[in-house]
Amino acid sequence: MHDTLALLELTDFPAIARKPLDTLQVNLGYKCNQRCLHCHVNAGPTRTEMMSADLIALIPEVLAARNIKTLDLTGGAPELHEQFRELVSAAVKQGVKLIDRCNLTILFEPNQEGLAEFLAENKVEIVASLPCYSLKNVDAQRGEGVFDKSIAGLKLLNSLGYGMPDSGLVLNLVYNPQGASLPPNQQALEADYRRELRAHFGIEFNNLFALANMPIKRFGSTLVSKGEFKPYMDLLKNNFSEENLASLMCRNLVSVDWQGNLYDCDFNQQLNIPVTNTTRHLRDLLHDDIANQDIAIADHCFACTAGQGSSCGGAL
């Protein structure tokens with residue numbers, strides 16, 4: 001795999017600083033039941049990195065110490081961590097909002113029986129990756145058979161109330177372009193998704209998040225191999241929008257890797273670019289605040305500010 005960090009370190013991206021912290025985004029491990037082309041984590045079935053029990057136990061303490069209102073769980077497939085449900089239950093008891101970044105097919109994996117029902121009982125918000133409403137496009141990006149399983153997963157979640165009016169069970173979908181292009185207009189694309197999924201499968205959802213692909217890890221390496229890295233970076237830079245700077249997710253979110261190290265975002269985590277002050281580990285948040293610290297930047301940050309903008313919550 002081509003390392004893209006050396007191509008990103010020299011940057012003219014504008015300096016930005018943190019606001020008060022309100023979201024703890026935790027990567028529970030890199031193991032996943034899928035191996036997607038656009039994955040910026042390089043997750044897959046053979047990855048073995050998983051967060052320790054001691055760090056899992058530390059998370060609720062940090063949520064309380066910093067009065068953090070949202071716990072955002074990601075991976076890999078975060079549900080594959082054997083303490084996933086234990087952590088969710090503990091955070092829910094604290095009144096924290098839970099987000100599960102779910103690939104949908106995990107709902108049908110061995111030892112995941114009752115997972116969908118557990119998420120519904122705890123009112124966990126689901127952010128589910130569905131890069132297209134077409135079987136051909138999804139399977140090309142995520143693997144053969146993924147589309148059918150994803151549709152089955154969405155139908156299961158709908159049957160439990162997810163995505164339905166007044167249910168309180170939020171189901172958001174995520175779109176990623178298949179190649180080196182910017183996402184289309186999120187509002188228009190959401191209308192297309194809603195129309196097609198409703199007409200062909202009777203599926204409902206709350207919102208669609210259109211995310212730009214990051215020029216790092218598996219996707220970045222593919223760009224280098226195809227000679228598309230520089231053209232893609234030019235596309236991102238030529239579509240830079242200063243208006244998006246105020247709403248970047250790194251302003252009020254901190255990313256935690258499976259070893260407890262802190263990063264300004266999940267993308268910096270994958271590039272091993274740590275937060276820029278002395279606070280480096282999850283345990284430090286028990287007594288240290290990171291508000292107002294400078295955010296570590298590199299050229300990949302242009303992917304979050306290009307066009308309509310891109311964050312874990314969709315267009316900016």
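**Figure 1. D192, R195 and E196 are linked in a network of salt bridges.** A quick note before zooming in: this is a predicted model, with local features needing pLDDT of at least 70 and side-chain atom pairs counting only at pLDDT 80 or more, while totals for chains, interfaces and linings use all residues. Residues are numbered from 1 along each chain as its sequence is written, and side-chain values use heavy atoms, with hydrogens and water left out. A salt bridge here is a side-chain nitrogen of Lys or Arg within 4 Å of a carboxyl oxygen of Asp or Glu. Inside the network, R195 and E196 meet at 3.1 Å, N to O. R195 is partly exposed at 44% relative accessible area (buried is under 20%, exposed is over 50% and partly exposed is in between, with a 1.4 Å probe and protein chains only). R194 pairs with E190, their closest N and O atoms being 3.0 Å apart. Both sit in helix α7 (residues 186-201), 4 residues and so about one helical turn apart. Helices (H or I, at least four residues) and strands (E, at least two) are DSSP runs numbered from the N terminus. The whole structure has 10 salt bridges.

**Figure 2. K97 and E125 make a salt bridge, 3.2 Å from N to O.** K97 belongs to strand β3 and E125 to strand β4, so the pair ties together parts that are 28 residues apart in sequence. K97 is partly exposed, with a relative accessible area of 40%, whereas E125 is buried at 13%.

**Figure 3. D257 is buried and has no salt bridge.** D257 sits in the loop between β7 (253-256) and β8 (262-263). The nearest side chain of opposite charge is R47, 10 Å away (Lys and Arg count as positive and Asp and Glu as negative, with His and the chain ends not counted). What D257 does have is a side-chain polar contact with the side chain of Y263, at 3.1 Å. A polar contact is a pair of N or O atoms within 3.5 Å; within protein, one must be able to donate a hydrogen and the other to accept it, and residues adjacent in sequence count only if both atoms are side-chain atoms. Leaving out residues up to four places away in sequence, D257 touches N27, Y30, M51, Y263 and Q269, contact meaning heavy atoms within 4.5 Å.

**Figure 4. R251 is another buried charged residue without a salt bridge.** R251 lies in the loop between α9 and β7, with D294, the nearest side chain of opposite charge, 9.3 Å off. A polar atom of the R251 side chain lies 2.8 Å from the backbone oxygen of L245. Residues up to four places away in sequence aside, the ones that R251 touches include I16, A17, R18, K19, P20 and I295.

**Figure 5. The largest pocket has a volume of about 330 Å³.** It is lined by 25 residues, with T23, M249, N252, S311 and G313 nearest its centre. Strands β2 (70-74), β3 (97-102) and β4 (125-129) each bring at least two lining residues, and the largest share, 3 residues, comes from β3. On a 1 Å grid over the protein atoms alone, a pocket is an open set of points with protein on both sides within 12 Å along at least five of seven lines, a cavity is a set where a 1.4 Å probe fits but cannot get out, and lining residues have an atom within 4 Å of a point. Points are joined across faces, edges and corners, and a volume is the space filled by probe spheres set on them.

**Figure 6. The second largest cavity has a volume of about 100 Å³.** Of its 13 lining residues, L248, C250, C265, C301 and C304 are the closest to the centre. In total, the structure holds 2 cavities of 30 Å³ or more.

**Figure 7. Some backbone oddities: G75 and G76 are joined by a cis peptide bond, omega about 25°.** Most residues other than glycine have a negative phi, and most peptide bonds are trans. G76 is in the loop between β2 and α3 (84-93). N272 has a positive phi near 60°, and N292 has one of about 75°. N272 lies in the loop between α10 (266-271) and α11 (302-305), and N292 is also placed between α10 and α11. N272 is exposed at 57% relative accessible area, and N292 counts as exposed at 63%.

**Figure 8. L58, in helix α2 (residues 53-65), meets residues from far along the chain.** L58 is buried, at 12% relative accessibility. Beyond its neighbours within four places in sequence, L58 is in contact with L282, R283 and L286. L58 and L286 are 228 residues apart in sequence, yet 9.1 Å apart in space, C-alpha to C-alpha.
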